[in-house]
Amino acid sequence: MKENAKSTPATNGATGPRLGILLVGMGAISTTLVAGVEAIRQGLARPFGALSQLAMISPPDQPNVRVPLAEYLHLTRLEDLVFGGWDINPGNGYDMAVASGVLEPLLLAATRPALEAIQPMPGIHDPQYLRRAEGKRVKPQTNKFEQAEALRQDIRNFKKEHKLEQVVVMWCGSTEVFLTVGPAHQSLHIFEAAMRENEPTIAPSMIYAYAALQEHCSFVNATPTLTVDMPVMTDLATKNVCPVSGKDLKTGQTLLKTILAPGIKQRMLGLAGWFSTNILGNGDGATLDDPAAFRSKEESKLSALNHILQPELYPELYGKLSHQVKINYYPPRGDNKESWDNIDIIGWLGYQMQIKINFLCRDSILAAPLLLDLALLSAAAQRAGEGGVCEWLGFYFKSPQTRQGQPEHDLGVQYQQLQQAFHRLAPKLARQLQTAKA
Ligand SMILES: NC(=O)c1ccc[n+]([C@@H]2O[C@H](COP(=O)([O-])OP(=O)(O)OC[C@H]3O[C@@H](n4cnc5c(N)ncnc54)[C@H](O)[C@@H]3O)[C@@H](O)[C@H]2O)c1
């Protein structure tokens, strides 16, 4: 708990309806979100890193006026968030927050009742997709379609118990092994038949996504796993007006990459190589120690540079770039990840120079505010009638999802797209609120 934290709760003018957040996987990032929201509600800490709590915005017709983003978009107040979730291992939210080792004892003690109130529902597990974990508390159903039905019932029960109209489901489970889109993922009809047949290319994360979208919940994929970026899910998301937006939160090294690379390119400096390495000792690090799971992460970490630099347009500057990313599981570091980047740039007359970056970050501390923003903004978009792939939320992801074509990775451009979307949504949300009150 930081001593300089303000002792009053955040009052950002938010006025939206109550919102349920169901977290799939109650590990480090999920419990850091829940404990963080509770600490902020109690006035013990501040929501640094969350646009939804701190950003100010000027309405297009009032360039000299600044209003809190939460007020502008009528976002749900932190006091009106209700958390629940699933996990494949036993323990309540507090046990899992302690095991994750992210938060210090004082803050854990202050948020203990809120964390303990979360008793994760038994999840669904497939050892083929998560080879380094056992799954000690799972649903009895073994047929994938029946598992989906059971998850749908969980969502309906959660809505009923807490009297909620809107729920966002967030996949925060361990990274599953690498997979590409296949025949079973092409349409709702084929996917449902394939679930009934226990088709091997249907991963647990997809079953959660299917259940969420069928129950009209927005779905956020915080992980690199192939989950909603396939025709069956995007069609279902569009049909049921549920926002989906990308995979793998853009937190540490990739965030810095997508800030720096556009500047190097704008100056027409060349790049010979970008070598990125990390040490990480949390549960995520242990999962990524499996090469098949790391392949999913590697794909999402490698894609950004190529899209930003456009080597096909500037072969002389970026055509021979050697881009490598490594993650080493190193238990002593726990959640406090350390990353190193060595960037070999080429300047005037072909002279080479080097940039070195050493980022000592806290993985889940970077991820939690992004989860909060994504939950609140996805819910707001849904209230405004926007569903399917919401490209403007690409700001938050290592692998943004697009309706078609290549995603934007440049953080500056993504930020502009986000602002434009806020201006588009604001009048719709104001009207929606009026109608709801009438
Ligand atoms: N920490 C970050 O900054 C960050 C950033 C981007 C993405 N991610 C991704 O977010 C995910 C979670 O990260 P973490 O650090 O919280 O990991 P973690 O290992 O602490 O937690 C994962 C939790 O998911 C549970 N789980 C696994 N499979 C499940 C299933 N099928 N159903 C229900 N629960 C299941 C596990 O039991 C565990 O409690 C990872 O995939 C990671 O790659 C994390």
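This report walks through the two domains, the ligand shell, two helices and a few backbone oddities of the structure above.

First, some ground rules. This is a predicted model, in which local features need pLDDT of at least 70, side-chain atom pairs count only at pLDDT 80 or more, and totals for chains, interfaces and linings use all residues. Residues are numbered from 1 along each chain as its sequence is written.

**Two domains**

The protein splits into domain 1 (19-249 + 364-437) and domain 2 (253-360), with bounds that come from an automatic or database domain assignment. Their C-alpha centres sit 26 Å apart. The contact draws on 25 residues of domain 1 and 26 residues of domain 2; two residues are in contact if their C-beta atoms, placed from the backbone, lie within 7 Å. On the domain 1 side, strand 9, strand 15 (397-400) and helix 15 (411-437) each chip in at least two residues. Helices (H or I, at least four residues) and strands (E, at least two) are DSSP runs, numbered from the N terminus. Sorted by class, that side of domain 1 has 7 nonpolar, 11 polar and 7 charged residues. For the classes, Ala, Val, Leu, Ile, Met, Phe, Trp, Tyr, Cys and Pro are nonpolar, Asp, Glu, Lys and Arg are charged, and the others, Gly among them, are polar.

**Around the ligand**

Where does the ligand lie relative to domain 1 and domain 2? It lies between them, because both domains give residues to the shell around it. There are 35 residues around the ligand, and Gly25, Gly27, Gly123, Thr223 and Gly283 come nearest; a residue is near a molecule or strand if its C-beta atom, placed from the backbone, lies within 6 Å of it. Elements that supply two or more shell residues include helix 1 (28-41), strand 4 (81-87), strand 9 (246-249) and helix 14 (363-383). Helix 14 gives the largest share, 4 residues. As for chemistry, the shell has 16 nonpolar, 15 polar and 4 charged residues.

**Helix 1 and helix 10**

Helix 1 has 14 residues and runs 20 Å from its first C-alpha to its last, close to the 20 Å expected at 1.5 Å a residue. The expected span is 1.5 Å times one less than the number of residues. Since 13 of its 14 residues are buried, helix 1 is largely enclosed by the rest of the structure. Here, buried means 20 or more other C-beta atoms within 10 Å of a residue's own, exposed means 12 or fewer, and partly exposed is in between, with C-beta atoms placed from the backbone.

Helix 10 (residues 253-266) also has 14 residues, and its end C-alpha atoms are 20 Å apart, in agreement with the 20 Å it should span. Its buried residues are Gln253, Thr254, Lys257, Thr258, Ala261, Ile264 and Lys265. They cover an arc of only 135 degrees around the axis, so they share one side of helix 10; the arc is that of the directions from the helix axis to the C-beta atoms. The face turned away from that buried side carries the exposed residues Ile259, Gly263 and Gln266.

**Positive phi**

Here are some residues with positive phi.

| Residue | Phi | Where |
|---|---|---|
| Gly43 | near 75 degrees | follows helix 1 |
| Met268 | near 55 degrees | follows helix 10 |
| His216 | about 65 degrees | loop between helix 8 (204-214) and strand 7 (218-221) |
| Leu349 | about 65 degrees | loop between strand 12 (338-346) and strand 13 (352-360) |

His216 is not a glycine, and neither is Leu349. His216 is partly exposed, with 18 other C-beta atoms within 10 Å, while Leu349 counts as exposed, with 5 C-beta neighbours inside 10 Å.
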